[in-house]
Amino acid sequence: MKFTVADLLDQLPADEALPLPKLEKALGLSQQAEKLQLQIGLQGLCKLGLITLQEAGVIRLQDPELIPARLRCSSKGFCFALREDGGEDIYIRDHQLNHAWNGDRVLVKVTREGGRRRSPEGGVQCILERHTPSLLAQVEQLDDRLVATPLDDRLLTAVELPGSDASYLDSEQNSVVEVLVDRYPVGQFGPQGHVARSLAVNGGEAADLDLLLTKHRLHARAQAPRATLKALAAKDRTDLTDQQTLLLEPWTGKEAPGLPALGLEQREGGWTLWLHSPAISERYTPGGALDIWLREQADALCVGREWLPLLSSALAKASAFKVGEAQAALSVALELNSAGQLEHYRFSRSMIKPVACAAADALNALAERKPKSRTLPAALKGLKDQLPLVEQLVALTALLRQARQANGSLDLNLPQPAIDSLGDLAVPGPDLPLEGWLVTLEDHHPIALLREAVLLAERALGQHLAGLGLPAIYSTNASADASDLNDVARSALALDIPLELGEEGNASAAELAGAFAGTDRSRALQQQLKAILKPMLLSDGPGAHALTGLVDGDNAIAPWCCPTLHYADLWNQQQLVLLLTEGKDRPSVRHKTSVDLASDGCLGSIDWPLLAPSQLSPYQKVLEHGLVQRLNGRRRFLSELQADLLAMLQARQAEPLVGQVLPGVISGVQSYGFFVEVPPSQVEGLVHVSSLKDDWYEYRSRQNRLVGRKNRRTYMLGDQVEVEIQKVDVLRHQIDLAVVLPEGEDPDPDGQDEYNRGEDSRDDGPDPFAPIPVLAGA
């Protein structure tokens with residue numbers, strides 16, 4: 001089918017009839033068979049009470065009991081609907097799934113309200129959008145049936161294959177297959193599909209990348225439509241080519257996206273920090289074919305040593321910043337006082353000419369250079385004339401970071417592991433991360449310089465668009481739940497970590513991170529904290545923003561600085577350009593006094609429409625039709641892709657170590673065992689409770705530890721242990737470990753292994769009805 005239920009509903013305005021021909025055109029339906037499918041779909045949605053059909057057209061009905069959500073299932077059959085509005089997750093029993101699969105967007109109806117320790121229950125009423133049109137699987141013969149068993153054990157069904165696919169049977173399991181789903185389960189009939197191609201399991205780094213891209217359906221991306229790009233004339237822009245502008249290049253991968261440029265000028269009482277973003281949105285027509293294609297791409301994707309870019313090659317080439325070449329930009333001048341606080345800002349459409357490029361090796365050389373050294377390292381020769389500018393940027397960035405952290409913003413010392421094939425994925429982006437926390441960086445790191453400026457610039461645009469009442473996409477970040485923070489605090493107290501709690505006995509995430517930083521269990525505790533933090537989300541209105549530490553009324557953050565990375569930035573650039581080029585700076589032409597729409601000085605002084613309704617309407621309709629929800633969905637996809645890539649690379653690092661004994665650190669404790677992180681790849685594996693044969697171990701959840709009944713040996717968070725890597729499943733990213741006991745101890749003195757097996761069978765994981773935190777990429 002050419003469209004999904006979500007596509008159909010997104011085209012219907014609220015409480016207004018849309019004529020059927022217009023709906024067909026909006027969905028791109030031209031063939032009679034496609035229009036017949038639409039008729040069948042409309043009849044089904046009428047029966048569900050989602051729409052009504054009248055002579056004037058199709059009307060969407062609003063039912064507050066139907067909750068949009070995305071399914072998240074486990075291999076044990078537990079399924080939860082993760083609400084798109086951020087509400088409490090809804091437990092879905094298997095007989096209430098109505099053939100929905102893991103990852104599907106669905107409409108859910110609550111059938112039983114939740115209690116103090118139980119999640120609400122519900123059932124799937126409608127599948128809005130299928131998440132799995134294809135999958136990786138292994139072909140198996142079951143009696144007279146040929147089936148594909150998904151590698152993803154969260155897909156709780158096999159797919160029936162035609163007999164002609166028997167050639168893909170592989171008893172040695174040296175390959176897997178890509179299966180295209182031809183029919184999803186319906187009524188009593190199961191899913192059907194066919195094999196598209198076979199992929200090697202042990203074919204090296206390139207084959208692993210092919211596996212990853214195929215799993216996430218990225219191996220055959222749609223080509224950019226042909227489009228004539230607009231030339232941006234210098235005469236219409238502010239000339240900033242004489243400014244000392246610096247490019248920063250932290251990434252080295254193939255087709256790595258370009259990033260903003262920075263400039264800095266000292267002034268009386270502080271500085272003017274300039275940020276210049278590539279002028280991309282001005283080069284194509286908003287709402288045109290290229291814009292729609294970019295919207296569907298949504299994000300640039302890093303897959304290790306190379307990138308799957310957001311922009312078309314022509315668009316990237318036309319807008320790229322290069323040293324010594326004049327280029328169009330969208331700029332903001334941020335006026336800061338001596339304490340690094342933002343006092344004023346002004347936006348402009350500009351022309352810049354970067355004077356130098358500061359890559360990571362050059363900034364590292366600057367950090368290692370002795371203060372009074374007369375010799376200049378080779379890596380710094382290209383920056384010889386700009387060293388004072390770089391050093392001023394480093395000093396100002398440190399001041400801005402300290403101010404941000406003082407407001408409660410959270411940095412965690414949890415860098416990516418030292419795996420060479422991670423490539424650019426080991427380097428964080430300059431924008432606000434999806435995970436809701438910032439990784440600790442050295443003062444001279446290129447991203448450390450960029451991200452403080454990006455945060456200020458996006459705060460300035462957020463305040464500007466919100467103050468003028470113009471449409472925008474905002475970044476929001478909810479605070480972690482107090483109960484979850486208290487659980488982490490209790491874990492720390494059980495480990496004798498001193499904590500200073502507030503008057504109500506609570507601690508903030510930043511306070512906990514500060515208390516953990518100087519301890520010998522810092523990494524394990526920070527990982528516990530990371531697991532409960534809320535992800536970054538996009539919204540069509542300003543909202544809470546725990547990561548920035550900004551107070552209410554000052555927390556409007558509108559991303560726009562990294563249009564090479566995210567479509568949300570491109571969309572907000574469109575709003576900024578529209579304001580600067582079409583905004584009315586006075587009530588009428590008869591008024592001689594105008595206001596500067598580019599600066600914060602205009603806020604609160606405008607009582608006339610800045611833009612005509614016809615200019616704003618296309619953007620408002622796009623927001624009404626679910627743009628933000630779709631971009632959030634793509635961000636979750638991005639997070640899952642990156643987590644999947646990291647897990648695969650870590651598993652590959654562990655493969656040659658099977659049978660070896662290595663030191664590790666306990667990173668999590670559960671009733672069924674504990675997880676151990678093994679450096680330097682930081683691969684994490686499970687020590688199952690059944691492998692602890694020296695005693696019968698009890699799980700003490702409040703103390704976050706396992707304790708032996710006889711020998712009183714404990715395994716708790718942050719403990720250093722020696723483990724043997726027993727098994728590695730690269731495709732499923734599963735690592736099995738066994739603890740190595742001190743020399744001379746009997747591993748199973750009284751047959752205690754049977755007790756641990758029995759203990760595990762009584763409590764094999766979390767309560768499926770208990771509320772669970774929602775993590776980006778989990």
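**Exercise 1. The nonpolar cores**

Task: In this predicted model, find which residues of the largest nonpolar core touch the most other members, and which helix gives the most to this core.

Solution.
Step 1. The largest nonpolar core holds 130 residues, and Leu273, Leu294, Leu529 and Trp560 touch the most other members.
Step 2. The helix that gives the most to this core is H9, with 12 residues.
Step 3. Another core lies apart from this one; it has 31 residues, including Leu151, Ala651, Val676 and Val739.

**Exercise 2. Around Leu529**

Task: Leaving aside neighbours within four places in sequence, list the residues in contact with Leu529.

Solution.
Step 1. Set aside the residues within four places of Leu529 in sequence.
Step 2. What is left is Leu410, Leu412, Leu485, Val488, Ala509, Leu512, Ala513 and Phe516.

**Exercise 3. Helix H9**

Task: Compare the span of H9 with the expected one, state how many of its residues are buried, and say what follows the helix.

Solution.
Step 1. H9 covers residues 446-468, which makes 23 residues.
Step 2. From first C-alpha to last, H9 reaches 33 Å, close to the 33 Å expected at 1.5 Å a residue.
Step 3. Of the 23 residues in H9, 21 are buried, so the helix is mostly covered.
Step 4. After H9 comes Gly469, with a positive phi near 70 degrees.

**Exercise 4. Glu121 and Arg112**

Task: Give the N to O distance in the salt bridge between Glu121 and Arg112, then decide whether Glu121 is buried or exposed and classify Arg112 in the same manner.

Solution.
Step 1. The two side chains meet at 3.4 Å, N to O.
Step 2. Glu121 has a relative accessible area of 8%, and because buried means under 20%, Glu121 is buried.
Step 3. Arg112, at 44%, is partly exposed.

**Exercise 5. Bridges between parts of the chain**

Task: Locate the partners in the salt bridges Arg197 with Asp210 and Arg709 with Glu698.

Solution.
Step 1. In the pair of Arg197 and Asp210, the closest N and O atoms are 3.2 Å apart.
Step 2. Arg197 sits in strand S12 (residues 192-200) and Asp210 in helix H4 (residues 205-215), 13 residues apart, and the pair links distant parts of the chain.
Step 3. Arg197 is partly exposed at 25%, and Asp210 is partly exposed at 27%.
Step 4. Arg709 and Glu698 meet at 2.6 Å, N to O.
Step 5. Arg709 lies in the loop between strands S30 (705-708) and S31 (714-716), and Glu698 lies in strand S29 (residues 697-700), so the pair ties together parts 11 residues apart in sequence.
Step 6. Arg709 is partly exposed at 41%, as is Glu698 at 23%.

Terms used
Residues are numbered from 1 along each chain as its sequence is written. This is a predicted model: local features need pLDDT of at least 70, side-chain atom pairs count only at pLDDT 80 or more; totals for chains, interfaces and linings use all residues. Side-chain values use heavy atoms; hydrogens and water are left out. Helices (H or I, at least four residues) and strands (E, at least two) are DSSP runs, numbered from the N terminus. The expected span of a helix is 1.5 Å times one less than its number of residues. Buried means under 20% relative accessible area, exposed over 50%, partly exposed in between (1.4 Å probe, protein chains only). A nonpolar core is a set of buried Ala, Val, Leu, Ile, Met, Phe, Trp, Tyr and Cys residues joined through side-chain atoms within 4.5 Å. Contact means heavy atoms within 4.5 Å. A salt bridge is a side-chain nitrogen of Lys or Arg within 4 Å of a carboxyl oxygen of Asp or Glu.
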